[in-house]
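Colleague: Pick one part of this model and take me through it slowly, please. I'd like to see how the pieces around it fit together.

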Amino acid sequence: MPKKLRLGVNIDHVATLRNARGTAYPDPVRAALLAEQAGADGITAHLREDRRHIRDADMAAIKEAISIPLNFEMAATAEMQKIVLATAPHAVCLVPERREEVTTEGGLDVAGDVARLTDYVGVLNEAGIRVSMFIGHDPRQIEASAKIGAAVIELHTGHYCDLHYEGRFAERDTELEALRAGAAYADSLGLEVHAGHGLTYETVGPVAAMKQVRELNIGHFLIGESLFIGLGPAIGQMRHLMEAARA
Ligand SMILES: CC(=O)[C@@H](O)[C@H](O)COP(=O)(O)O
Ligand SMILES: NCC(=O)COP(=O)(O)O
């Protein structure tokens, strides 16, 4: 019987909509509280260096308002380390960032930055923050994540989802197989395995079915779907699909 699969709801794109007009609404804190009421196991938010969606004050307000864990996504920079230590979230997910990208395009190159990330993660671990590395399924990146002292990896599912929506099903299935192998390898090294990026009702099943995966972080699709059916029902339907795949 696979262990329970948690759902972290990413509320970044509520802030994207707010920032498009520079208004005070829609409020990401309100979305976080609604997600909590709807049964989310955690709230995820990404404080990008360019502050294109979530802003510093949002992070502090979300942390203050919610009673479930906050997963603080950020680049491994000195500026972000200072902010995250002041915010004291339950968890941090270290992600790669490029200002020109539309969204997080790939995984972090942990293997290429071992010494610096060992120190960086060490500071967060000492502060009692659980650290996860947002990476692809490359075994070298998984091994490096274990080596630098991260407790968790989050596998980037964006490429799998893109291949699905482009109708490239054979390549999609190859990518899924690599994600499955990555999840099993990370678990064998004692890492907790999470997954996320680009997941939708159509693509969540095969990822939710991977027994080593303990948490999915889903945002963009849920916020879009909430325009049509409301955030609570969208979260409920996503959870239903996750549980059906897990059964
Ligand atoms: C790292 C990650 O996957 C998320 O933060 C998420 O996709 C929302 O942020 P962006 O759309 O800004 O990448
Ligand atoms: N880390 C992935 C995440 O938080 C949500 O990604 P998305 O569903 O907004 O693409």
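Modeller: First, some vocabulary: helices (H or I, at least four residues) and strands (E, at least two) are DSSP runs, counted from the N terminus. This is a predicted model, so local features need pLDDT of at least 70 and side-chain atom pairs count only at pLDDT 80 or more, while totals for chains, interfaces and linings use all residues. Residues are numbered from 1 along each chain as its sequence is written, and chains are lettered from A and ligands numbered from 1 in the order in which they are written.

Let's start at the chain's beginning. Lys 4 sits in the segment before β1. Lys 4 counts as exposed because it has 10 C-beta neighbours inside 10 Å; the cut-off for exposed is 12 or fewer other C-beta atoms within 10 Å, buried takes 20 or more, partly exposed is in between, and C-beta atoms are placed from the backbone. Lys 211 is 207 residues away in sequence, yet the two C-alpha atoms are 9.2 Å apart.

Now the barrel. Eight strands close it in the order β1-β2-β3-β4-β5-β6-β7-β8, with parallel pairing (strands pair if DSSP finds at least two bridges between them). Neighbouring strands are turned by 25 degrees against each other on average, direction ignored. β7 (192–196) and β8 (213–218) share four bridges, in the parallel sense, and Gly 196 has Asn 217 in β8 as its bridge partner.

That pair of residues leads to ligand 2: both Gly 196 and Asn 217 belong to its shell, along with others including Glu 154, His 197 and Phe 221. Being in the shell means having a C-beta atom, placed from the backbone, within 6 Å. β8 and α10 (220–229) are the elements giving two or more residues to this shell. Its make-up is three nonpolar, eight polar and one charged, where Ala, Val, Leu, Ile, Met, Phe, Trp, Tyr, Cys and Pro count as nonpolar, Asp, Glu, Lys and Arg as charged, and the others, Gly among them, as polar. Gly 196 also turns up around ligand 1, as do Asp 12, His 46 and Arg 48, among others. That shell has two nonpolar, seven polar and three charged residues.

On to α11, which lies across β1 (6–10) and β8, at about 145 degrees to β1. Axes here are lines fitted to C-alpha atoms, for helices over the stretch in contact (C-beta atoms, placed from the backbone, within 7 Å), and angles run from 0 to 180 degrees between N-to-C directions.

Technical notes: Two residues are in contact if their C-beta atoms, placed from the backbone, lie within 7 Å.
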